[in-house]
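Got your viewer open? Grab the mouse and get ready to select things one at a time.

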Amino acid sequence: MKIIVTGGAGFIGSAVARHIINDTADEILVLDSLTYAGNLESLKTVADDARFKFEHVDICNRAELDRVFSEFKPDAVMHLAAESHVDRSIDGPAAFIETNVVGTYTLLEATRQYWNTLEDAAKQAFRFHHISTDEVYGDLHGTDDLFTESTPYAPSSPYSASKASSDHLVRAWLRTYGLPTIVTNCSNNYGPYHFPEKLIPLIILNALDGKPLPVYGNGAQVRDWLYVEDHARALYKVVTEGEVGETYNIGGHNERKNIEVVQTICRLLDELVPNKPASVNLYEDLITYVADRPGHDMRYAIDASKIDRELGWKPQETFESGIRKTVEWYLANEAWWSRVKDGSYAGERLGLTR
Ligand code: NAD
């Protein structure tokens with residue numbers, strides 16, 4: 001199979017690329033505009049494989065998309081390119097509308113034009129897989145409720161509203177034009193190669209520097225955490241075995257309060273770091289409560305029973321095993337994160353750009 005992976009230089013997209021190259025016989029083309037969140041160094045371990053290609057393309061650029069589709073001739077598109085950080089969407093929503101809404105529309109149109117040129121059998125076998133978030137469902141207040149695939153949309157932030165818009169566009173392109181689409185909505189991911197603006201890597205790296213560990217509000221917000229490599233396996237299962245027109249929720253069955261996540265990381269660092277900064281006794285002493293995010297959702301939790309039942313996918317990591325692997329990865333991969341922190345991680349140096 002030949003798969004276009006948009007956003008493949010990002011956190012989840014690079015995990016998808018590594019999974020497909022390492023664990024399948026498929027060929028991939030990563031399309032990425034390399035925003036601050038795109039890092040070709042996350043693809044270093046697969047970049048030399050003959051089945052891996054990269055193109056420096058913005059999904060809002062229709063002419064470039066048309067060229068890439070006609071040259072690569074994909075059997076499927078896995079669409080992960082997005083602006084993905086909620087706080088940035090509050091400070092500057094424009095880029096979120098541009099990439100997540102207009103970019104998804106542009107990609108759908110380029111895909112549709114290419115798909116229309118295929119023979120009937122190839123047309124039927126083709127898949128457009130849109131990767132989205134559980135944040136489109138808004139938040140949960142009861143402690144027992146879970147998001148299912150039929151939970152109504154009620155996004156709270158500019159980020160989640162832009163992702164909700166893109167989900168609707170994707171479903172409309174199936175209903176109106178027959179383009180074979182599938183949507184997945186996933187809970188919070190964590191793991192290796194995560195950009196250090198997000199909670200888990202931020203806490204690990206601040207702690208290692210002896211800096212304050214910021215926790216929004218009282219830290220009681222609940223998220224359902226999924227190890228990124230479990231998500232990558234789920235996405236490949238969906239694109240290869242999922243039913244056209246279906247939505248699959250993906251989650252880790254790992255609900256944790258934000259403060260519990262931070263405390264767990266602190267305990268692991270106490271155990272794993274031999275030389276703490278001189279000012280630090282226990283890493284937990286660095287926890288600092290900061291003003292809550294406006295419109296902050298209280299609780300997300302996913303019912304992932306459909307993908308288990310219909311496609312036989314389950315997460316392999318518990319939160320305890322995944323967070324330990326993640327902390328160990330950051331401790332062993334300073335070469336990756338130090339170049340992200342000092343801004344020297346731009347991709348050209350790997351010779352992967354066109
Ligand atoms: P990320 O921010 O790490 O990566 C996004 C990638 O998209 C980057 O490589 C960036 O350069 C690229 N990109 C951005 N704008 C682009 C454009 N206009 N054209 C081409 N490339 C562009 O994001 P992530 O955390 O890897 O998330 C990937 C997808 O999964 C997103 O669609 C996100 O909404 C969704 N998602 C993320 C999570 C999570 O916990 N991170 C959970 C559920 C769903």
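Here is a walk through the sheets, the helices that pack together and the ligand.

**Before you click**

What you see is a predicted model: local features need pLDDT of at least 70, side-chain atom pairs count only at pLDDT 80 or more, and totals for chains, interfaces and linings use all residues. Residues are numbered from 1 along each chain as its sequence is written. Helices (H or I, at least four residues) and strands (E, at least two) are DSSP runs, numbered from the N terminus.

**Stop 1: the seven-stranded sheet**

Strands of a sheet pair through backbone hydrogen bonds, either parallel or antiparallel. Select β3, β2, β1, β4, β5, β6 and β10: in that order they make an open sheet of seven strands with parallel pairing. Two strands pair if DSSP finds at least two bridges between them. Which strands sit at the edges? They are β3 (52-56) and β10 (247-250), and each pairs on one side only. From one strand to the next, the twist averages 20 degrees. For angles like this, axes are lines fitted to C-alpha atoms (for helices over the stretch in contact), and angles run from 0 to 180 degrees between N-to-C directions.

Now zoom in on β1 (residues 2-6) and β4 (residues 76-79), a parallel pair with four bridges. Click Ile3 and look across to Ala76, its bridge partner in β4.

Next, add helix α6 (residues 158-177), which packs on the sheet and touches β5 (127-133) and β6 (181-186). The direction of α6 makes about 160 degrees with that of β5.

**Stop 2: the smaller set of strands**

Select β7, β9 and β11: they form an open sheet of three strands in that order, and the pairing is mixed. The edges are β7 and β11 (255-257), each with a single partner strand, so one side of each has no neighbour in the sheet. Ignoring direction, neighbouring strands here are turned by 50 degrees against each other on average.

β7 and β9 (residues 222-227) run parallel and are joined by three bridges. Click Tyr190 to find its bridge partner in β9, Tyr227. Then show helix α8 (residues 228-241), which lies across β7 and β9 and runs at about 70 degrees to β9.

**Stop 3: helices on helices**

Two packed helices are described by the angle between their axes and the distance between the axes.

Select α7 (residues 199-208) and α9 (residues 258-272), whose axes come within 10 Å and cross at roughly 40 degrees. The two are therefore oblique to each other (angles under 35 degrees count as roughly parallel, over 145 as roughly antiparallel, 65 to 115 as roughly perpendicular and the rest as oblique). Their crossing is right-handed (the near helix is turned clockwise from the far one by less than a right angle; anticlockwise would be left-handed). Among the residues in contact are Leu199 and Ile203 of α7, and Val261 and Ile265 of α9. Being in contact means that the C-beta atoms, placed from the backbone, lie within 7 Å. The contact residues divide into ten nonpolar, one polar and no charged. Here Ala, Val, Leu, Ile, Met, Phe, Trp, Tyr, Cys and Pro count as nonpolar, Asp, Glu, Lys and Arg as charged, and the others, Gly among them, as polar.

Keep α9 on screen and add α11 (residues 319-332): these two pack at about 55 degrees, with axes 10 Å apart. α9 passes α11 in a right-handed crossing. The contact includes Leu268 and Leu272 of α9, with Val327 and Glu328 of α11. By class, this contact has seven nonpolar, one polar and two charged residues.

**Stop 4: the ligand**

Finally, select the ligand: which of the 31 residues around it come nearest? They are Gly7, Gly10, Ala37, Gly38 and Ala82. A residue is counted as near if its C-beta atom, placed from the backbone, lies within 6 Å. The elements giving two or more residues to this shell are α1 (11-23), α4 (94-115), β5 and β7 (188-190). Colour the shell by class and you get 13 nonpolar, 14 polar and four charged residues.

Conventions. Contact = placed C-beta atoms within 7 Å.
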